[in-house]
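Please open the model in your viewer and keep the sequence panel beside it. This tour suggests what to select at each stop and then describes what is there.

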Amino acid sequence: MSSSAIEPESPDLVCQLDKVQGVVDALTSVRWKRHQDAVVELSEHGIVLIVEETACLQAKVYLQRELFVRYEYSAEGRPRFGVSLGLFVDCLNTFSVPGHSSAIEICYPGPDMQLLLKSVDSSGACTYAEIRTRIPDTISWDYNFEPAGSTPLSFTVKSAALKEAIDDLEWPGSSIHLILQPTPPSVTFRGEGHGDLQIDFMCYANTDLLVAFHCDRQVSHRYKYKFLRATTSNIPSSVIQDNRGSKLTIGRGGMLKVQHLVSVAKPAMPHPHIDSAGYQQPSRIAYIEFFVKPEVDDDGANDT
């Protein structure tokens, strides 16, 4: 019996995006510094990209499989690999051409464990990119976010207003107190540095800005400004324009979770996740989550 050439193993993932810009926007929102490493986790449910800094700030971008026009997953378990976030975003940007379909195929792993990208539009030219990956760094903390009590401590504010408030609170090396109180129902951001600045969102007075509010007791925690600012500093213009709202939740121990939604543009071609009536499912959204650890306060800024 003659031996045949060994066939290459099939990749863990082959997927296609009909529009690149929405994913570029989502990944850019967690790019808070120039040189930044990320861990990418693959599963049958989609792709998760994780970045963190000094075990105090972590961000996750969830790209659910419904975002893709094709998603073929064959790996066992959930493979992870490390990649330069800046390089990944810059490569994706080369496929995003205004006025063109910018459909791409993403494949992992390549023959040398690369992340492979190539254009799949109908034009004669084909763009192709390879990104070197590496053994992923260990995620220093994978926080299982837990509520601080039986009633969620959360509020939803218009994304543009949240970004403007945090930008206005800038004090070099300062901390920001975040205070929620049920009576009167309000959210307070207080910056302390070379001076004091306080921004209040009153539930009744700012119903157009403060979309939702849930709080049954006063709570106060302090966060490093540079970490809090990272949650909004690179919010893409599409999120500001949509202005659908960003949700902030305080969990056990003062852990702050900040959530944004990034819309993915409607495809020009028929999409398998759009029904016959033309209804676009809500899953055509990229979910972004930031987790910010509170500062340890000697006199204890906590639930009261």
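**First stop: leucine 85 and helix α2**

Begin by selecting leucine 85, which lies in helix α2, residues 85-94; helices (H or I, at least four residues) and strands (E, at least two) are DSSP runs, numbered from the N terminus. Before going on, note that this is a predicted model, in which local features need pLDDT of at least 70 and side-chain atom pairs count only at pLDDT 80 or more, while totals for chains, interfaces and linings use all residues. Residues are numbered from 1 along each chain as its sequence is written, and side-chain values use heavy atoms, with hydrogens and water left out.

Is leucine 85 buried or exposed? Leucine 85 has a relative accessible area of 0% and is therefore buried, where buried means under 20% relative accessible area, exposed over 50%, and partly exposed in between (1.4 Å probe, protein chains only). Next, add aspartate 37 to the selection: the C-alpha atoms of leucine 85 and aspartate 37 are separated by 5.5 Å, although the two residues are 48 residues apart along the chain. If neighbours within four places in sequence are left aside, leucine 85 is in contact with Leu27, Val30, Arg31, Gln36, Ala38, Leu49 and Val51, contact meaning heavy atoms within 4.5 Å.

**Second stop: the sheet beneath α2**

Now show the whole of helix α2, which lies across β7, β8 and β9 and runs at about 175 degrees to β9; here axes are lines fitted to C-alpha atoms, for helices over the stretch in contact, and angles run from 0 to 180 degrees between N-to-C directions. These strands belong to an open sheet of five strands in the order β5-β1-β7-β8-β9, with antiparallel pairing. The edge strands are β5 (70-73) and β9 (128-131), each of which pairs on one side only, and the twist averages 15 degrees from one strand to the next. In general, strands of a sheet pair through backbone hydrogen bonds, either parallel or antiparallel; in this tour, two strands pair if DSSP finds at least two bridges between them.

For a closer look, select strand β7 (residues 104-108) and strand β8 (residues 115-119), which run antiparallel and are joined by four bridges. Glutamate 105 has lysine 118 in β8 as its bridge partner.

**Third stop: the four-stranded sheet**

Move on to an open sheet of four strands, in the order β13-β12-β11-β15, with antiparallel pairing. Strands β13 (196-202) and β15 (219-224) stand at its edges, each with a single partner strand, so one side of each is left without a neighbour in the sheet. Select β11 (residues 175-182) together with β15, and look for the six bridges that join these antiparallel strands; histidine 177 stands opposite arginine 222 in β15. Then add helix α3 (residues 159-168), which packs on the sheet and touches β12 (185-192) and β13, its direction making about 165 degrees with that of β13.

**Fourth stop: aromatic rings**

How many aromatic pairs does a search of the whole structure find? The search finds five, where rings of Phe, Tyr and Trp (its six-membered ring) pair if their centres lie within 6.5 Å, and planes under 30 degrees apart count as stacked, over 60 as edge-to-face and the rest as tilted. Select tryptophan 32 and phenylalanine 290: their ring centres are 6.4 Å apart and their planes stand at 45 degrees, so the pair is tilted. Tryptophan 32 lies in the loop between α1 (21-28) and β2 (37-43) and phenylalanine 290 in strand β18 (residues 285-292), so the pair ties together parts that are 258 residues apart in sequence. Tryptophan 32 counts as buried at 16% relative accessibility, and phenylalanine 290 counts as buried at 0%.

Another pair, phenylalanine 189 and phenylalanine 201, is edge-to-face, with 6.2 Å from centre to centre and 85 degrees between the planes. Phenylalanine 189 is in strand β12 and phenylalanine 201 in strand β13, 12 residues apart. Adding Phe155 to the selection shows a cluster, in which ring pairs link Phe155, Phe189 and Phe201.

**Last stop: the whole protein**

Finally, show everything: the protein has five helices and 18 strands, and buried residues make up 49% of its 304 residues.
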